[in-house]
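Let's take a friendly walk around two helices and see what lies beside them. Have the structure open as you read.

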Amino acid sequence: MAIILITGGAGNVGGGSLAIRLVKDPVNFVVVADNLSTGSISNLPDATVPNFKFIQADVNNYDELSAIMLSFKFEYVFHYAAVVGVKRTLESPILVLRDIDGIKNMLNLAKNTGVKRIFYSSSSEVYGEPVTLPQHEETTPLNSRLPYAVVKNIGEAFCRSYFQEFGLSYTVFRFFNTYGPGQSEDFVLPLFLKAALKNAAIHIYGDGSQTRTLCFVDDNIETTVKILEKNLAVNDTINVGSDVEITMLALAEKIIALTKSTSKIIHLPPLIEGDMTRRKPDITKMKSILQRPLTNLDEGIKLLIRHLNQQG
């Protein structure tokens with residue numbers, strides 16, 4: 001049996017969905033640790049599932065994390081716990097910087113408790129403003145001053161350093177805008193979609209020409225699970241996302257059309273910082289692992305609309 005820890009699983013669309021996917025295989029025993037500051041139990045597997053356990057804990061607190069790590073002999077750890085969301089990370093930079101404690105806690109405990117590999121949730125934010133496109137794993141300009149991006153860069157450096165010093169294997173996932181059921185409204189697609197379903201105004205910062213790529217959660221999860229199960233991307237960094245760019249204005253217009261909404265688009269002043277002009281990852285590694293086409297954005301939005309309508 002593979003014993004797996006996912007930190008931050010209850011508050012992360014990828015983490016919760018990953019837990020649900022992993023417990024489907026009875027050879028896995030999955031523990032999720034989350035402080036529920038932004039997460040929800042509803043994002044997790046049912047508590048009655050025999051090979052699943054939820055523990056409410058703050059992984060930035062060494063004592064709380066060590067109690068978990070010493071109670072189970074984890075083979076694999078997905079370290080997804082982090083303060084996320086543009087608005088939240090801009091308003092609470094000290095809270096963001098505290099996540100460095102969690103990274104160090106996890107790596108120190110992992111190397112001392114026999115963990116085979118750490119899977120670290122990094123972010124497209126490490127690329128800052130694009131210098132070259134598409135954004136390749138080997139070309140990281142490190143030009144972002146935002147605490148969130150700095151912390152993600154530090155986390156990546158810690159993973160590489162612990163491998164070099166202690167032989168603790170790692171995989172760094174650089175996630176690009178994953179969306180899907182259970183995602184917080186802090187993120188652009190669910191924010192736009194829920195407004196459209198209510199025929200409420202959709203607010204866009206600036207002229208809406210900034211681009212993002214949007215990855216449906218199933219593509220994210222299938223990639224990460226294959227990396228785990230087939231022992232791929234060991235001691236490596238991989239972009240996980242879509243390589244199809246869309247402007248924020250075009251995304252709002254698409255959502256209005258797909259929902260047949262009467263929502264109006266309202267342009268707000270541009271953000272002072274944190275709203276990068278473009279995002280487009282090189283996903284050559286991801287495509288070689290996934291071995292199938294990614295979910296089309298229109299189809300992903302329709303799946304999410306169906307999910308939201310079923311929720312009422």
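## Inside helix α7

Which residues of helix α7 (residues 188-197) are buried? In this predicted model, they are L189, P190, F192, L193, A195 and A196. An α-helix has 3.6 residues a turn, so residues three or four places apart point the same way.

What do the buried residues of α7 pack against? Their partners are two strands, β7 (178-179) and β8 (202-205), along with the helices α9 (248-259) and α11 (297-311). Just after α7 comes N199, with a positive phi of about 60°.

## Where α7 meets α9

Now look at how α7 and α9 lie relative to each other. Their axes come within 9 Å and cross at roughly 40°, which makes α7 oblique to α9. The crossing is right-handed.

On the α7 side, the contact involves V188, L189, F192, L193, A196 and L197, and they meet M248, L251, A252, I255 and T259 of α9. Of these contact residues, ten are nonpolar, one is polar and none is charged.

## Helix α8, largely enclosed

Why should helix α8 (residues 217-229) span 18 Å? The helix has 13 residues at 1.5 Å a residue, and its end C-alpha atoms are indeed 18 Å apart, which agrees.

Ten of those 13 residues are buried, so α8 is largely enclosed by the rest of the structure. The buried residues are V217, D219, N220, I221, T223, T224, V225, K226, I227 and L228. Just after α8, N231 has a positive phi of about 55°.

How values were computed:
Residues numbered from 1 in each chain as written. Predicted model: local features only at pLDDT ≥ 70, side-chain atom pairs only at ≥ 80, totals over all residues. Heavy atoms only, no water. Helix = DSSP H or I, 4+ residues; strand = E, 2+ residues; numbered from the N terminus. Expected span 1.5 Å × (residues − 1). Buried < 20%, exposed > 50% of the residue type's maximum accessible area, 1.4 Å probe, protein only. Contact = heavy atoms within 4.5 Å. Axes fitted to C-alpha atoms, helices over the stretch in contact; angles between N-to-C directions. Parallel < 35°, antiparallel > 145°, perpendicular 65-115°, else oblique. Left-handed = near helix turned anticlockwise from the far one by under 90°. Nonpolar A, V, L, I, M, F, W, Y, C, P; charged D, E, K, R; others polar.
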